[in-house]
Number of protein chains: 2
Amino acid sequence: MSYPIAEEVVEKTIDEVEDKVTPWEVIGHSDTGIDYDKLIRRFGSSKISPDLIARIESIIKKPVHHFIRRGIFFSHRDLDFILTAYEQKKPFFLYTGRGPSSEAMHLGHLIPFIMTKWLQDAFDVPLVIQMTDDEKFLWKDITIEEANKYAYENAKDIIACGFDLTKTFIFSDFDYMGQCPNFYRNICRIQKCVTFNQVKGIFGFTESDSIGKIAFPAIEAAPSLSSSFPSIFGEKLQQEYPCLIPCAIDQDPYFRMARDVAPRLNFPKPVLIHSTFFPALQGSKSKMSASDSNSSIFLTDSPKDIKTKINKYAFSGGKESIEEHRAKGGDCAVDVSFQYLRFFMDDDERLEQIRQDYSSGKLLTGELKKILIEVLQTLVSQHQERRKEVTMDLVQQYMTPRQLHFRY
Amino acid sequence: MSYPIAEEVVEKTIDEVEDKVTPWEVIGHSDTGIDYDKLIRRFGSSKISPDLIARIESIIKKPVHHFIRRGIFFSHRDLDFILTAYEQKKPFFLYTGRGPSSEAMHLGHLIPFIMTKWLQDAFDVPLVIQMTDDEKFLWKDITIEEANKYAYENAKDIIACGFDLTKTFIFSDFDYMGQCPNFYRNICRIQKCVTFNQVKGIFGFTESDSIGKIAFPAIEAAPSLSSSFPSIFGEKLQQEYPCLIPCAIDQDPYFRMARDVAPRLNFPKPVLIHSTFFPALQGSKSKMSASDSNSSIFLTDSPKDIKTKINKYAFSGGKESIEEHRAKGGDCAVDVSFQYLRFFMDDDERLEQIRQDYSSGKLLTGELKKILIEVLQTLVSQHQERRKEVTMDLVQQYMTPRQLHFRY
């Protein structure tokens, strides 16, 4: 896939320009950010429909997570396949990951982990979490030692999300490569099937990119083969098992590639559910950036930091004056505080009331921000409490290759 | 470096066309094969001069191996540097390797190992031998299991060359990657410094090549960093040590690349000595091929196989009739039997006598072939005897990462 940059752009009005969505860059063109319906069509994935949600709920016998109800996880590839496997009591596993680019993680980074934790509990399945410290070393101006250290620091935040130790394996690429011969073998199997032309098309690489970057996609694809984890599967590993990958949709290119090569390598295509992007405080046009501390709420922020950042930076969909706001109401679609509540307030009724009140002008921007500040202060301080309990010894336990518990 | 293929070729006479020398293809254009003087100029290496040979002999206090005396190892990069290090009693190590493309090795494959064994004895230094089973998997239509098996089978032939167990570590890439975290780290360090454009220029890769091939050069370059071998160096590993790489000159591109990145990664540039190619039975125009059993003498050939192949296939520099041969003499420069004796007859005086007698017509082709047959039958059967002694248990000992013996 190539994105129009120069000549084509001038021919189009701003609305017609395609959004840019790669693992390293996300640029949306409308006020509400990315056009996700268009993205689904371009990527060739499927919308998570009300019927599909009803099927999930009938299988797990409880309501889906509000991320799914509210369309935050909005797109999928072959989710039906995993549901059928589950109904037939066949094993599958969850796979997600994180690129550890710095010590501090922000709220947006939590989204796939919150979803994954819910899926782990709902389906009672093992989970592997890849920390792509090699990717961050290859893309950023950091050393291997720094990237590897960030992997361990970030693992603490991930563990604080509540993953079950008996069902969760977290690994750094730099470390796991030297622990498990199967991992490199699967990487080579994938690399043999993929040409430079293909990764150029999928990821937009150029001839000036390093050979490390060019070969990297196979490293993010390889954990979707269960045979990359002999210790985790133990004697179960007589065959390849399917995996379900919850991720932000910018990671989809890796798994489109993995799905392309799956039949040739005789493993099941990985199944995906995709989330929208968590907006920056400044608005929905891009993902938050870990390098701009004012673009996001960090998991290390104090209650005061949170209050200041929301009040100062959270883009408002409210009107210029109180009088105008009361008369015309606010715009929830662009209001960052409301958008954040969609992610982090699980009470549907209360959220709907807030939406109505803000849209009608009954609720002022300051009042909306106050609600969000309280929600985030609680969420972040509870996260910090749990993270404090995560010792390096516990991290080592999660990061030790070992057999995980399988229900089936 | 790019090789003229289309437009330029038609402008040149056949003699002016550049020889093609890459790790995967060697095409010479003159009757005696590759023009090695031209290759030295194009690659930018240095000829091993009589002065340099004299310096080696004064340092090791014995004559150099006949491979060096006879210009079979003819080219080098920075050999002076290693000699000076040795004089100053500073540690260095030897690094060579083999691409295990099949179970059987042929005579040509022995050349770098015979040279390396001599260097190990002459300088009393540790040696690492890389079996690039990953390369063979990526380039050939074989499975990982096959390539890995060939690595172990070929290791038996290599061990039969007489390498000292206390100073020699042999490793398969597929296995060592899962044993030593440093190896992958060094590969990534190199991959970060090298672009697709660079490997395209050095190796002739195209956009249709697999990303595995494109990233592979870093894997052959990485063992030239001593930090890829923490167990071998043990507590010595406070700094990077220089290595000396004996190899056929078609492998030079990997190490040109390694030498390019060395200053950026703060390790000493690898030092090289390069051999000419061992000619195919059919003549000097190309390397021998492991896939054509009649192009070469295999280490598994019986005395009868050897006799038949030499008599039937060894390209002769003799004349059409005995009368003409007696009158005009044979051409040693193109005669494969004589060339093979240059490699495998260590008696200089006898070889010179044969050269004179064959050139004058005193020695007939059949007589020359008879001499070669005896030399090779002895060499191959002695090799087979030694190989029989190499148990899989002994192979495992050579292939176990462990501290090697250092004189300094």
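The following dialogue examines a sheet and a helix of chain A in a predicted model.

Student: What makes β3 and β7 of chain A the edge strands of the sheet?

Tutor: The 7 strands form an open sheet in the order β3-β4-β9-β8-β5-β6-β7 of chain A, with mixed pairing. Strands β3 (46-47) and β7 (168-172) of chain A each pair on one side only, and are therefore its edges.

Student: How do you know that β8 and β9 of chain A are paired?

Tutor: Pairing requires at least two bridges, and 5 bridges join β8 (residues 243-248) to β9 (residues 271-275) of chain A, so the two strands pair. They run parallel, and Ala248(A) has Ser275(A) as its bridge partner in β9(A).

Student: What makes helix α15 of chain A a helix packed on this sheet?

Tutor: Helix α15 (residues 252-265) of chain A touches β4 (73-77), β5 (93-98), β8 and β9 of chain A. Its direction makes about 165° with that of β9(A).

Student: Why are the buried residues of α19(A) said to line one face of the helix?

Tutor: The residues in question are Leu351(A), Ile354(A), Asp357(A) and Tyr358(A). Viewed down the axis of α19(A), the buried residues fall within an arc of 130°, so they line one face. Their cover includes α17 (322-328), α18 (336-344) and α20 (365-388) of chain A.

Student: What makes the contact at the start of α19(A) a polar contact?

Tutor: A side-chain oxygen of Asp347(A) reaches to within 3.1 Å of the backbone nitrogen of Glu349(A). The cut-off for such an N or O pair is 3.5 Å, so this pair qualifies.

Methods: Residues numbered from 1 in each chain as written. Chains lettered and ligands numbered in written order. Predicted model: local features only at pLDDT ≥ 70, side-chain atom pairs only at ≥ 80, totals over all residues. Heavy atoms only, no water. Helix = DSSP H or I, 4+ residues; strand = E, 2+ residues; numbered from the N terminus. Contact = heavy atoms within 4.5 Å. Axes fitted to C-alpha atoms, helices over the stretch in contact; angles between N-to-C directions. Buried < 20%, exposed > 50% of the residue type's maximum accessible area, 1.4 Å probe, protein only. Arc of directions from axis to C-beta. Polar contact = N/O pair within 3.5 Å; in protein donor to acceptor, adjacent residues only side chain to side chain.
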